[in-house]
Amino acid sequence: MGPTGAGKTTFVDCAVGSPDAGAGHDLVSCTKEIRAVRCPHPDGERNIVLVDTPGFDDTFMSDTQVLRNIAEWLKATYKQKVLLSGLLYFHRILDNRVAGTPLRNLNMFKELCGKDNFKNVVLVTTMWDEVLEDVGLQREEELQNEFWKVMTRLGSTTRRFHLTKESAWEIIGAISVSIPEERRPLLIQQEMVDEYKPLHKTSSGKTVLRSISYVFSGFKRFFGRSKKDIKRNKNRRGKHRLSRWPSSSIASHISRSSGVTTDESVLTGNTDTSGSTGAPSEHDYRVTLEGLITILMHAHNMSEFVRTHSLTEAIASSLSIAQALEVIASA
Ligand SMILES: Nc1nc2c(ncn2[C@@H]2O[C@H](COP(=O)(O)OP(=O)(O)O)[C@@H](O)[C@H]2O)c(=O)[nH]1
Ligand SMILES: [Mg+2]
């Protein structure tokens, strides 16, 4: 597991010995589903199954969909009494800070695993060929002393992946493979199968909901402020203007908590400096519409996640109207 672009699929391809079978060669992730690959262990005595997953920031899927896919797979395999021997978590040593998407991925991973399974986790850094040795070392230290500390204290180990088959198998070898009877389910498997919890009541489900709720609190504040501002403008001039909408922190909330790239102007329509006293420009409408679409997409994810069908339908209709308007506007 790990963020999109961290090198998960490349690792599996290297281990199996079929480079380019599944790895993405641009920013668009190739792994949309869970991919399990069976391959012979180099010891010649057993087979091993490597399971490749999409990242929580996957280019084609929302967090909720990714979590649902992974959860369904883990649930189904646990029901068949198949348990994982260990987990590899991938991180690009290139990234100079752990924030936003990589941090969200790591937190989700921790919730999915549960503390009891940290000892079966190998934290793998990739892209060593892309950094200067001392820069890489410094980042590795930062990871070990800060972001990975909780995990390494509870038994996780760390390894570097060097893009070769030997390196991949050395990392797989770092997982202490216990006999099937001694393997433990992940926290999400216990919650969903043993405790019959629906996905949104599990620890990882709650993590997704928290990040979506965070977006919504910003959304509420934004509209609260906008309403007041529109009223004020109406009183002042008898009409409201999009170009005078107040700056809001909603856009930064959205990008921080969801990885969606927006800038403040997208939601405030506050981009047209030339027309600050005139009626809203076409550009103002367009950026406001884009912001609305972003918000409706989040609303749609949330309603799907908690399985509120009537809400999902209502939001889906609003979303398609907004998207249709956007198409017309850009035609
Ligand atoms: N230079 C370099 N590129 C890598 C490394 N690992 C993966 N890549 C490249 O990074 C991109 C994303 O890798 P991929 O395996 O698809 O990432 P995933 O989304 O985690 O499955 C691909 O273009 C890979 O070829 C590495 O260690 N070094
Ligand atoms: Mg992949």
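## Helix α7 and the residue that follows it

In helix α7, which spans residues 187-194, the buried residues are Ile 188, Gln 189, Glu 191 and Met 192. Viewed down the axis of α7, these buried residues fall within an arc of 165 degrees, so they line one face of the helix. The model described here is a predicted one.

Tyr 196 follows α7 and has a positive phi, near 55 degrees. Tyr 196 belongs to the loop between α7 and α8 (203-237). Because only 8 C-beta neighbours lie inside 10 Å, and 12 or fewer is the criterion for exposure, Tyr 196 counts as exposed.

## Overall composition

The chain contains 12 helices and 5 strands. Of its 331 residues, 35% count as buried. Among contacts between residues at least 6 apart in sequence, 66% join residues at least 24 apart.

## The parallel sheet

An open sheet is formed by 3 strands in the order β3-β4-β5, with parallel pairing. The edges are occupied by β3 (87-92) and β5 (157-160); each has a single partner strand, so one side of each is left without a neighbour in the sheet. On average, and with direction ignored, neighbouring strands of this sheet are turned by 25 degrees against each other.

The parallel pair β3 and β4 (residues 121-126) is joined by 6 bridges. Within this pairing, Val 121 of β4 is the bridge partner of Leu 87. In general, strands of a sheet pair through backbone hydrogen bonds, either parallel or antiparallel.

## The β1-β2 hairpin

Strand β1 (residues 35-40) runs antiparallel to strand β2 (residues 47-52), and 6 bridges join them. Pro 40 stands opposite Asn 47 in β2. The two strands, β1 and β2, form a hairpin with 6 residues between them. In the turn, Gly 44 has a positive phi of about 75 degrees.

## A second positive phi outside glycine

Most residues other than glycine have a negative phi. Lys 81, a residue other than glycine, nevertheless has a positive phi, near 65 degrees. Lys 81 is placed in the loop between α2 (63-79) and β3. With 9 C-beta neighbours inside 10 Å, Lys 81 counts as exposed. Tyr 196, described above, is likewise a residue other than glycine with a positive phi.

## Packing of α1 against α6

Helix α1 (residues 8-16) and helix α6 (residues 165-173) have axes that come within 8 Å and cross at roughly 105 degrees. The helices α1 and α6 are therefore roughly perpendicular to each other.

On the α1 side, the contact is made by Phe 11, Cys 14 and Ala 15. Helix α6 contributes Lys 165, Ala 168, Trp 169 and Ile 172. Classified by residue type, the contact of α1 with α6 has 6 nonpolar, no polar and 1 charged residues.

## Surroundings of His 300

His 300 is located in helix α11, which covers residues 282-305. With 19 other C-beta atoms within 10 Å, His 300 is partly exposed; a count of 20 or more would be required for a residue to be buried.

Leaving aside neighbours within four places in sequence, His 300 is in contact with Thr 312, Ile 315, Ala 316 and Leu 319. Thr 312 is 12 residues from His 300 along the chain, and the C-alpha atoms of the two are separated by 5.8 Å.

Terms used. Residues numbered from 1 in each chain as written. Chains lettered and ligands numbered in written order. Predicted model: local features only at pLDDT ≥ 70, side-chain atom pairs only at ≥ 80, totals over all residues. Helix = DSSP H or I, 4+ residues; strand = E, 2+ residues; numbered from the N terminus. Arc of directions from axis to C-beta. Contact = placed C-beta atoms within 7 Å. Pairing = 2+ DSSP bridges. Axes fitted to C-alpha atoms, helices over the stretch in contact; angles between N-to-C directions. Parallel < 35°, antiparallel > 145°, perpendicular 65-115°, else oblique. Nonpolar A, V, L, I, M, F, W, Y, C, P; charged D, E, K, R; others polar.
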